[in-house]
Amino acid sequence: MADNAVSEEASMDGQASKLTSITASDNTVWADALPLLDAACRGLRDGELIHGDNFNLFAAMSALEIMDPKMDSGIVCRYYSIDEAIENGVAPIPISLDSTIDVQYTIDIMDHLLACEAAWHKGHSLAQTVFSCIYLLRLDRTASHALLHSYCRVIRATCKAVLSVVSDARTHEEEDLFTMTYGLPLNGDGDEKCLSMLNAVEESISRQLRACKATSSKRRVSEDLEPLQSNPNLEEGFCKALLCRLRFRKHFFHVLTCMKRPQGRGLELARKHIASCISELESILKSAEFLRSCIGESCEDDIDDKTTASGREPIGFDATLNSRLSAPTPPRAIKILSWKKAVKYFVKLLHDLDVVCSYSLDVHLESLLRFVVQFQKSQPDLVARSHLQLLLVQDGKLYGRDPIFAVINKAAALPEATKNHDIQKNEYIVQLGQLVMNLLKILCTNVAWQRRKLGKILQDWRVNYLQLELAFRNEFGEVSSSSNDENICMKIFQHILVWVEEQTYWIACRFLMLGFELELYSASEYCMVYWYSYAVLIKLAEKTHLKMAVSYDTAKRKGKKKRDSPKDLARESRIPPAVLFLQCYICLAEGLTMMLAALRNEIMILQSPSPFNTEQEKFVQHFELLQRACIPDHVSYPSFKESTTHACFSTLVMYNYFKDAQRIAKEVKSSFSNDPDRLAELRKLEQVAEHNSIALNLICGLGALDPSLKVSFEFSHHPFFATAVVRRS
């Protein structure tokens, strides 16, 4: 036993010695490991991993990621504390004894803070961006410098307001670092008076600017005003450069506070401040030429990469300082956005916020969903999307004013009188309301996050539909013996059931379309994606038509007409424009499915057998979430193969789906003359249909006879429906 224990201990000691790291010294010789790694990579076959005695897959997954500025734990610090940095003169107060240089450096600090703020909005941590400014970390030191002090206070208050909006909207989950404050001094006494301080400084500089512009006779009156700096020739330029920066800060803070007012009450005023912000940003850009001319040396060549308008490096910043002070902070220094890119970012942010503020707060859910989807096409950043979400969902109500059941009631085409019915207390109706609110929140997230969440909630919507249907059958099994009040309940259930199904298929359609936007599908997978989209669109059009038919029937009964006139019969038999719009999508999806299948079957292109996945496995990977929710019913990989295996061009020529899509798009345009977004969408669909129809004729005429013919698919006319491009190699 003793011998065994000794041998075991020896083996453990040997293993420990193997794992001991070798410390580098001055005599250490470093060798390039890349050739060794390249050789190892060449020796690995598909699916193989390198496995060492002390390093396995679990260790690899647990290892720290390097070279990513948000994740790398590598640490390089110039100073170990704020006090040490201040003692070394990193953030002097006053900035300079020369008043002209003091003003120049103050403007540089303002510009760099703007760039830091934009970088924070883009997802970097607050500690490495805005609060890399030592003046912000020790704000009390700036009290003697009124200009810098007021600006830093409003910056801190603005960060707090933005952080509050993003946290309340709960969209920060997509950007883990955004809401982390790392114990930084974000809350300060007197920040509520930041605007009054800023206004006082602005008024003082405005008086000085007026004095600069005044005639010589009037200047005597202004002699009591103390100039910003010592050079009279530069006074007016510096006054203008400072004023536009201060005014931008003031108006931007007003935008944030106005947009947060409940029930959208501050949106109109916010739009006025947004217009002022954009105007001031234009003035800020114009001031760059003057500021660069003050340096005395040209920096035109590399000004685009600088974080200040002057091109100088700002003083008072150290991006690595918070690395040791705040443990969770990613320590590696990041690259701050350039000053020009920061201004461009804020211009786009303001335009996105203006779109949010200009929305009419329509209570129709269908219009609202279209607005959110259209808004997402501009790829708004986190701050704008958070504001939109907070506007839509407040206190469990739409816009903070409309009860969710009233919104569902209107969406399901029910009479206005039923919006206060007691049926809204039904547990499944309550759950449906929660699903609607959750859907609105999800649609305000970024595209990747949105698609994941949409895929997961599909099953919730499907289950809710089944529960509602079961409750309906249990309660209204004997329709003939029901009372008038029960008839109203039955009507509400019927309308809501139809609407829930329609909405479920709308979510499924959105889920599939976002896959194109995220480039999740390869060209060889387009055929199955369009086939599945076709199946979903058919059901969506069917449920939309059914909802409109039920709505028309309800309105007809309410009118109590004794007999139908020929005009009414014609109206009843006509397909609604909304359904025709979907029919255009259906024709394109079916046409592309058959064209892609025929190309694969007859010309043997767009076939990419993978060593990793079979076609059936790819089908499951793409549509598993839809399949779990049975959307649509009876759709599977075997049915896909059955539909596409025998596709050929001779059949496509006989029945040209693209011609049908083109015809429907032209016919339905007049029905959407007051809807510019849908008109633009129809024009895109018409272009896709026209180009694909021409491409189909070319392939049918030359495909089998010309081996040099190459067919590819591009999204040049529409983000989701591809256009075939025929070329000779």
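The exercises below work through confidence, pockets and salt bridges in one predicted model.

Residues are numbered from 1 along each chain as its sequence is written. Because the model is predicted, local features need pLDDT of at least 70 and side-chain atom pairs count only at pLDDT 80 or more, while totals for chains, interfaces and linings use all residues, and side-chain values use heavy atoms, with hydrogens and water left out.

**Exercise 1. Find which helix has the lowest mean pLDDT and which the highest among the elements of the chain.**

Solution. Begin with pLDDT, the predictor's confidence in each residue, from 0 to 100; its mean over the chain is 84, and 83% of the residues reach 70 or more. Next, take the elements, where helices (H or I, at least four residues) and strands (E, at least two) are DSSP runs, numbered from the N terminus. Helix α1 (residues 2-19) has the lowest mean, 43, and helix α13 (residues 339-358) the highest, 96. Where pLDDT is low, the predicted coordinates should not be read in detail.

**Exercise 2. Describe the largest pocket by its volume, its central residues and the element that gives the most to its lining.**

Solution. On a 1 Å grid over the protein atoms alone, a pocket is an open set of points where a 1.4 Å probe fits, with protein on both sides within 12 Å along at least five of seven lines, and lining residues have an atom within 4 Å of a point. The largest pocket has a volume of about 1300 Å³. It is lined by 45 residues, of which E366, S367, R370, W506 and R678 are the closest to its centre. Helix α14 (365-376) is among the elements that give two or more residues, and α14 gives the most, with 9 residues.

**Exercise 3. Compare the settings of the salt bridges E366–R370 and D111–R245.**

Solution. A salt bridge is a side-chain nitrogen of Lys or Arg within 4 Å of a carboxyl oxygen of Asp or Glu, and the whole structure holds 36 of them. For E366 and R370, the N to O distance is 3.3 Å, and the two are separated by about one helical turn because they lie 4 residues apart in helix α14. For D111 and R245, the closest N and O atoms are 2.8 Å apart; this pair links distant parts of the chain, with D111 in helix α5 and R245 in helix α10 (residues 232-259), 134 residues apart. Finally, turn to accessibility, where buried means under 20% relative accessible area, exposed over 50%, and partly exposed in between (1.4 Å probe, protein chains only). D111 is buried at 2%, and R245 is buried at 2%, whereas E366 is partly exposed at 42% and R370 is partly exposed at 32%.

Key:
Points joined across faces, edges and corners; volume = space filled by probe spheres on them.
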